[in-house]
Amino acid sequence: MSAYDEEVEAIFGVPAPSKGADPSPELTAFTYVYTRYARAILERELALFESAALPVKYPSIYAALIKDALARLSADMRDIKAYMARANLRVDDKPKQTAQGNTVSFTYWHRGRIGEVGGAKYLVKKRVEGVVAYYINADTKKTR
């Protein structure tokens, strides 16, 4: 197993697809949900840095880092959405919560079948944090 496959499993919590195989609808739905949330977080952070609402000495440096991360994330989102269109996969954008409010799930439709992805709120939050960290740190890993 390569380091990339291990990283995919750590971020999304499901096994990475084997080489040449299409990812499962569940993995694609997880990827879509987590990257969509990561994009919203990065856009919110960018707005904070650009408006200088955070007391940071050089906000333009952080804004540039976030813009680079958003550019990479946007390219990946285009690929994810293109794959979802080819695979006839649709994911609901609005989460469903349990009565207790501690879990969240998203419904997906794939070729006439309905499934759900999600989990405990803290676990979804932790995995979205991993996706954000992946895109923020992706550029620094290439330079080292």
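**Predicted model: fold, core and confidence**

Along the sequence, this predicted model runs α-α-α-β-β-β-β-α. That pattern comprises four helices and four strands.

Q: What makes a residue count as buried, and what percentage of the 144 residues qualifies?
A: The cut-off is under 20% relative accessible area. Buried residues make up 32% of the protein.

Q: What makes the 29 residues of the largest nonpolar core a core?
A: Such a set holds buried residues of nonpolar types, Tyr among those allowed, joined through side-chain atoms within 4.5 Å. The largest set here has 29 residues. Tyr32, Tyr34, Leu42, Ile66 and Val91 have the most contacts inside it.

Q: Which elements each supply at least two residues of this core?
A: They are α2 (25-50), α3 (59-86), β1, β3 (103-110) and α4 (121-143). Helix α2 gives the most, with nine residues.

Q: What makes Phe106 a contact of Val91?
A: Contact requires heavy atoms within 4.5 Å. Phe106 is on the list for Val91, beyond neighbours within four places in sequence. That list also has Ala29, Tyr32, Val33, Met84, Thr107, Tyr108 and Trp109.

Q: How do you know which element has the lowest confidence?
A: Compare mean pLDDT, on a scale from 0 to 100. Helix α1 (residues 3-12) has the lowest mean, 59. Strand β1 (residues 89-91) has the highest, 94. The protein averages 82, and 78% of the residues score at least 70.

Q: Why should residues 140-144 be read with caution?
A: Their pLDDT is below 50. Beyond near neighbours in sequence, the stretch has one contact in the model. Where pLDDT is low, predicted coordinates should not be read in detail.

How values were computed
Residues numbered from 1 in each chain as written. Predicted model: local features only at pLDDT ≥ 70, side-chain atom pairs only at ≥ 80, totals over all residues. Heavy atoms only, no water. Buried < 20%, exposed > 50% of the residue type's maximum accessible area, 1.4 Å probe, protein only. pLDDT = per-residue confidence, 0-100.
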